[in-house]
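Here is a short briefing for a first look at this structure. Keep the sequence and the 3D view at hand while reading.

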Amino acid sequence: MNNSSMFTADRGTHLKIVVVSLICATIVAGIGIASRASAPNGRMEAGVITVGKPVTASSTAETSIR
């Protein structure tokens, strides 16, 4: 059988492709789970950023960018 094309490949070739794909997906998922960031106290907390007063910047009296 000619296994050089996806259309003419036999059942065994398709099974090998599916198995290799599942193994690769499992490896990628495992690396992603293992490399996630963790906080020392076990909780992830975001810092609060407060907004200050609005500032007007201009080079002339007629043009201003807000």
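The side chain of Ser21 reaches back to the backbone oxygen of Ile17, at 2.8 Å. Ser21 sits in helix H1. This is a predicted model.

**Ser21**
- Is Ser21 buried, exposed or partly exposed? Its relative accessible area is 41%, so Ser21 is partly exposed.
- That value lies between the cut-offs, because buried means under 20% and exposed means over 50%.

**Before the helix**
- Asp10 lies in the segment before H1.
- Which residue does the side chain of Asp10 contact? The partner is Thr13: the two side chains make a polar contact at 2.7 Å.
- Asp10 has a relative accessible area of 30%, so Asp10 counts as partly exposed.

**The nonpolar patch**
- Five names make up a nonpolar patch on the surface: Leu15, Val19, Ile23, Ile27 and Ile31.
- The area of this patch is about 480 Å².
- One of these residues, Ile23, belongs to helix H1, which covers residues 11–34.
- Ile23 is partly exposed, because its relative accessibility is 48%.
- For a place in a patch, a residue needs over 30% relative accessible area. Ile23, at 48%, is over that cut-off.

**The whole chain**
- How many helices and strands are in the chain? There is one helix, and there are zero strands.
- The chain has 66 residues, and 3% of them count as buried.
- About 6,500 Å² of the chain is exposed. Carbon and sulfur atoms supply 64% of that area.

Note on methods: Residues numbered from 1 in each chain as written. Predicted model: local features only at pLDDT ≥ 70, side-chain atom pairs only at ≥ 80, totals over all residues. Heavy atoms only, no water. Helix = DSSP H or I, 4+ residues; strand = E, 2+ residues; numbered from the N terminus. Buried < 20%, exposed > 50% of the residue type's maximum accessible area, 1.4 Å probe, protein only. Areas by Shrake-Rupley, 256 points an atom, 1.4 Å probe, with all protein chains shown as cover. Patch = residues over 30% accessible without salt bridge, like charges linked within 9 Å, V, L, I, M, F, W, Y side chains within 5 Å. Salt bridge = Lys/Arg side-chain N within 4 Å of Asp/Glu carboxyl O. Polar contact = N/O pair within 3.5 Å; in protein donor to acceptor, adjacent residues only side chain to side chain.
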